[in-house]
Amino acid sequence: MNTESPSGIYHGYMAFNFNNPIFVWNYDYNKYNAATLFPSGNTDFYTQAIHEITHLLGVVSLQNEYGGSVINFVPGNGSTISPYFSRFDKFLKYNLYSTILSPVLKNNPTTGGQMYRYSTDAPISKLFPGCPNFPPVAGSLNTDYSNCSTSIQYVGSPTLPLYTSKCFEKRYSLSHFEDSCFGSAGNDNYFLMTNKENGVFAKRTLASEERLVLNDIGYSVKSTFGSSSNFTYKNYGTVGTTGIPVGGVNDAFTAGIYTYQVNSGTDISLTGFLSNDYIVSGISNLRFEFLEDLYDTNATFSATLGSSSTNVVYKSFVPGIHILRYVPYDNITGLRGNITYIAVNVLNNCNLNNPCELVRNGDFEQYNLTPNPTPTIMNSCGWQNASFTSTADYFNTATGNPLFSVPCNMWGNQADRILGNHGYVGMLTHSSNCENIKTQLNVALLPNTQYQLKFDVSLAESRSQKSMKFQAFITDTELPLTTNGFIPTTALTADKVFLTSTTFSNQSNAASNGWQTITFNFTTSSNPNLKYLYIGGLNNVQIQNETAQSIVCPVSYGAYAGDGYYYLDNISVIKTVTTPITTTIDAINDDFSTMPINTTSGGITVSVYTNDLYNGIPSIPSTLTNVTFELVSPISISGATINNSGLISIPAGTPSNTYNLTYKVTIVGNCSASDTATVTIVVNNIIMTPNLVSGIRANNIVELIALQNSNKIIISGQFSKYNNISRNTIARLKNDLTLDDTFLCSPNDINFRAKDIAIQANDGIIVVGTFSNYGGGSNGNNIVRLLNNGSVDTSFNAGGIGTTALPTFTNNDVNTCAIQSNGMILIGGDFNFYNGVHRRGIARLLPNGNIDLTFTPTQLNNYNRCIVSNILIQPDGYILLEGIFNATGLSQNTKLIRIDSLGNIDTNFTMGNDTSSFPLNSQPLKTHQYTDC
């Protein structure tokens, strides 16, 4: 059900089963009562449709028979998140005494505000008054039972009795109004939201009281419903009522790419997450509160409440898709909007120690955070649970807790199989639940290629009476967490990899050190996207009984026969080469002596990959994910490191000298495809201004500079390289003026020229100029919005053609752009239409790139000439335009005019007149050309 514009935002969905013999449907719209021959006993389709839509809008209780919520879950780190109730539930009260109504729910405002962490405060017997059963659930649904004296009440603008069955009826109890306890119309005859249709007449409009309920839970409601030409029409005899004037819109994707994406353990600014939220009183009054991570309780925020100007810096060490939530509210009225969510993709940033290996941290030696006293799999870098109801454990000597140490711990006594290592994971296994684990491979498996997966398992002594056949699954989609960790059978399609061990992993199949190595050799299908690995008991788990092992560790639990427990370690996936290698890598020597590193501060070189050859041709940044780098011993600079982009870090305090280092570049998953080269690096104590060093920075003129909210710098000009790295006319710099290699854009128009750049509140990058079909995108002529990674935002001006000229004319340029405080985008130039709408030289766009039809510069549209070269927005909202402006019939050009926020010429402003033909010889409102940057 779509209630917003633009389309594509849905509250929910519903379905009708027209084949269910229980229901005899009335589809005839014109039959709605006895006078119109409504078929007695039928269920009216239109009544049911409006009824279910009203449920979707939130007239529904989320309470279950025990007073809890039907939406209550445990996320990946094992911490229970409070149950979810509806805003409707906040209005429910029960009879505490004969004359006193008490709220059914309560919460702690200091930890949950007005929207989080509710729990049932009513005695649960009030939810099923007089039920003799346990559990207190009705044997049949919709019994139509009512007892007005025990009915739960909705207490808001109206006070209404709710359907409260003797035994709790799921989907019916508390979510419908009870006619028999209200007014004189009779049972099921008054409310649309009653628990049952009466089979006598249709009810296709909400009752007056139900309309007020919608208003209570946040909706603005009109004074009428439906069309006066048909039976759905109802005039409520009152004025329309405004609902809650603030609401949040979830943030997840921008043109199919995660809006917020960051490496684990790295700060990210959640810039602009309020920019798409809604508030009637103005963005300056919009606030947020109780910002938190539902997935990782150890994640950090620089602020959990604030305004649109608050810089929220977020960090998590746990890879995966994190769901953050907050509540937007109006600082003036105090009204709270809906619970709103932000998706953050935290990337696996574990080191890949073996370039042939596709599994990061398969030996579990790396950890995200120092293991706490009760560490879980989430502490281990790169690994996660496959279940949200239980979690695998993480054992490491660094924990300091003997229950989670190595070798002796709470489940048994097991040394790491590799001498010198001191970490592994552990999981409970059972036929009904397994603590399975998952990770994302470094790269996707190649189609139709042979691979080997192997890992070590050891059955712990205290849970050694149940053994299991281990399984592995590699898929192209990260599956949702399940309650038992199992993989649905529907996901085990032929194009995936599903493997089951041929033997039970028990003591008899283990080596003398307690470990059994499980090896799977397999060939992939034609699916090119297999990259998510699951291990454990995954589907149709096979369990058998075993003889108990002796318990030797003093802190271990006693023996238990109900389930098994395994230690896992040394998980590996490698390609087994049986076909000729076609991908090659050639490392080329680098001489960075013209770019010295300061001995006091240290520094970072440019990438050694810039001049290397990938498959015989010069490398490009997009192939960086296919290779790994390492420094080869002996390393002449102590503490020097090389990262995944080929940048070498030189530590502060390195003595002045000329150094030669050797690096190795290897194709991921292909051990035989590697090469080495040398790097010459000069370290000295001479302070040099970086922008004066030959060959560094842009190799030609920089004409435009714009600063993002994240303090990163967008530049554009006539350059083709920055820091000797290919960047065609546009690049992004970090605040230390080094190149941001995560930003890659590529105009495909050889005549491309950017003339202006503006930054939106959410860091969207608006670029205007003279070009078409930028980068193969679809934003239209002369305008494009770039995402935070430099790609075209295809949702901007989707389907629009941008600016165009009059027929037979060729003038079509956008010279300038500016963003108003409300997010609207002004563009100016030499054009006549935007998206086919007449706009001569000046147009205003909505934040999504569509034309703003409320901005109607009618006078300028009728000018003989209107060419805008610069735009300046005044603090009072008036807009200064510099350019050539010539009203029809006048011989003199105007160079400077002012318009109001609707596009009307401000006649109180003294225009600047001149007989010159173009104003750019004068001092412009803003300039953009910079050299020697």
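**Close-ups of cysteine links, a hairpin and charged pairs**

**View 1. Cys148 and Cys181 are joined by a disulfide, with 1.9 Å from S to S.** This link ties together distant parts of the chain, 33 residues apart: Cys148 sits in the loop between strand 6 and strand 7, while Cys181 belongs to the loop between strand 8 and helix 3. Keep in mind that you're looking at a predicted model. The torsion about the S-S bond is about -90 degrees, so this disulfide is left-handed. Are these two cysteines buried or exposed? Neither, really: Cys148 has 39% relative accessibility, so it counts as partly exposed, and Cys181, at 22%, counts as partly exposed too.

**View 2. Here Cys131 and Cys167 form a disulfide, with their sulfur atoms 2.0 Å apart.** Once again the link spans distant parts of the chain: look for Cys131 in the loop between strand 6 (118-120) and strand 7 (153-155), and for Cys167 in the loop between strand 8 (159-161) and helix 3 (208-216), 36 residues apart. The angle about the S-S bond is 95 degrees, and the link is right-handed. Both Cys131 and Cys167 are buried.

**View 3. A disulfide connects Cys408 with Cys553, and their sulfurs are 1.5 Å apart.** The link is right-handed, with 75 degrees about its S-S bond. How many residues apart are the two partners? They're 145 residues apart, with Cys408 in the loop between strand 24 (393-396) and strand 25 (423-430), and Cys553 in the loop between strand 34 (543-545) and strand 35 (564-575). Cys408 is partly exposed because its relative accessible area is 22%. Cys553 has just 4% relative accessibility, so it counts as buried. Cys866, by contrast, is in no disulfide, and its nearest cysteine sulfur, that of Cys817, is 16 Å away. In total, the count is three disulfides.

**View 4. Now zoom in on Cys866, which is buried with a relative accessible area of 3%.** Across from Cys866, in strand 62, stands Phe885. Strand 61 (residues 865-873) and strand 62 (residues 879-886) run antiparallel, and eight bridges join them. Together they make a hairpin with five residues between the two strands. Check out Gly877 in the turn: its phi is positive, at about 95 degrees.

**View 5. Lys106 and Asp121 make a salt bridge, with their closest N and O atoms 3.8 Å apart.** Lys106 lies in strand 5 (residues 105-107) and Asp121 in the loop between strand 6 and strand 7, so this pair ties together parts that are 15 residues apart in sequence. Why do such pairs turn up? Side chains of opposite charge can pair when their charged atoms come close. Lys106 is partly exposed, with a relative accessible area of 43%, and Asp121 is partly exposed as well, at 36%. The structure holds 19 salt bridges, including one between Asp28 and Lys31, where the closest N and O atoms are 3.9 Å apart.

**View 6. Arg325 forms a salt bridge with Glu292, and their closest N and O atoms are 2.6 Å apart.** Arg325 is part of strand 21 (residues 320-330) and Glu292 is part of strand 17 (residues 286-293), so the pair ties together parts that are 33 residues apart in sequence. Both Arg325 and Glu292 are buried. There's a third member to spot: Arg117 joins Glu292 and Arg325 in one network, through salt bridges that share partners.

Conventions: Residues numbered from 1 in each chain as written. Predicted model: local features only at pLDDT ≥ 70, side-chain atom pairs only at ≥ 80, totals over all residues. Heavy atoms only, no water. Disulfide = S-S within 2.5 Å. Helix = DSSP H or I, 4+ residues; strand = E, 2+ residues; numbered from the N terminus. Buried < 20%, exposed > 50% of the residue type's maximum accessible area, 1.4 Å probe, protein only. Pairing = 2+ DSSP bridges. Salt bridge = Lys/Arg side-chain N within 4 Å of Asp/Glu carboxyl O.
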